[in-house]
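Trainee: Could you take me through one part of this model in detail? I'd like to look closely at the surface around the DNA strand, and then at how that fits with the rest.

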Protein chains: 2
Amino acid sequence: MTSAQKTASSKRAAVIKALAHPSRLLIAEALMEGEMCVCDLKDLVGADMSTVSKHLSMMRQAGVLVSDKRGLNIYYRLACDCLGDFLRCLDQLAPKKATTKPCC
Amino acid sequence: MTSAQKTASSKRAAVIKALAHPSRLLIAEALMEGEMCVCDLKDLVGADMSTVSKHLSMMRQAGVLVSDKRGLNIYYRLACDCLGDFLRCLDQLAPKKATTKPCC
DNA sequence: TGGTTATTTGGCTAAATAACCAAATACTTG
DNA sequence: CAAGTATTTGGTTATTTAGCCAAATAACCA
């Protein structure tokens, strides 16, 4: 493995890591419906606002989310529509409802 | 959030977590080409075989990989073809080569 | 300006993770 | 059966991560 390959893998792994936590995944799923502000997401996740804020800035850093300030609130949304496909693939591996045939 | 939703999110997050490490992602990418045994993957990753083995069993546990023993070797392969789409989406967020427009 | 609300940042602690080494297990072959 | 090879498991340590609280920052309004 070349060092360039290693770097590419690390960057891509960082994007995945940004979704690899129950609260962060829940946030990503919620944002598929449209943008939300931090306080809405705090209610959704049920953690301290500072905790949620750290999750969000980590996801933004990874390129998964973008944010946009309007008045007192900061609204977050998904950076990419393709995340929908991403999550649909996920459901083939870890279905929400049990199936006899878990995957393709 | 109901507890059922929390559980579903955790399961899905576990699948993502199984790919959220540079070595594990590299393994998943390599297995897109076809199955490999542990010692091949150890050479690819460049870590101790026990480390690679632990990564692999974690990925299998999450449902990302399946394994199959033939003779002395244990061959691993991806559990699902859809991982290709998964990784392509990833490249829109974290491209291998820099682009002026990082995402959709 | 001073108060109020939304969000982020810094600091700390507890828990989870990744790595290595050594030992155990499983299979094959002489 | 003994020796050799491939893989896993157990144990330990260092690092990273997640969470909370308290304090700082930013924007709005009276």
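**A close look around strand D**

Mentor: Let's start with a cysteine: B:Cys80 is buried, with a relative accessible area of 1% (buried means under 20% relative accessible area, exposed over 50%, partly exposed in between, with a 1.4 Å probe and protein chains only). A:Cys82 is buried too, at 7%. A search of the whole structure finds zero disulfides over all chains, a disulfide being a pair of cysteine sulfur atoms within 2.5 Å.

Some ground rules. This is a predicted model, where local features need pLDDT of at least 70 and side-chain atom pairs count only at pLDDT 80 or more, while totals for chains, interfaces and linings use all residues. Residues are numbered from 1 along each chain as its sequence is written, chains are lettered from A and ligands numbered from 1 in the order in which they are written, and side-chain values use heavy atoms, with hydrogens and water left out.

Now to the DNA. There are 23 residues around DNA strand D, and A:Ser50, A:His55, B:Ser53, B:Lys54 and B:Tyr76 come nearest; a residue is near a strand if one of its heavy atoms lies within 4 Å of it. Sugar and phosphate make up 61% of the strand D atoms that come within 4 Å of the protein. By class, this surface has nine nonpolar, eight polar and six charged residues (Ala, Val, Leu, Ile, Met, Phe, Trp, Tyr, Cys and Pro count as nonpolar, Asp, Glu, Lys and Arg as charged, and the others, Gly among them, as polar).

Next, some individual atom pairs. B:Lys54 has a polar side-chain atom 2.7 Å from a base oxygen of DNA strand D. For A:Arg24, an N or O atom in the side chain is 3.2 Å from a phosphate oxygen of strand D, and for A:Lys69 a polar side-chain atom lies 3.5 Å from a sugar or linking oxygen of that strand. The elements giving two or more residues to this surface are helix H4 (49-61) of chain A, plus helix H3 (38-45), helix H4 (49-61) and strand E3 (73-78) of chain B. Helices (H or I, at least four residues) and strands (E, at least two) are DSSP runs, numbered from the N terminus.

As for the two protein chains, chain B can be laid on chain A with an RMSD of 0.0 Å by a turn of 180° and a shift of 0.0 Å along the axis, superposing by least squares on C-alpha atoms of residues with pLDDT of at least 70 in both. The copies are thus related as by a two-fold rotation axis.

Methods:
A polar contact is a pair of N or O atoms within 3.5 Å; within protein, one must be able to donate a hydrogen and the other to accept it, and residues adjacent in sequence count only if both atoms are side-chain atoms.
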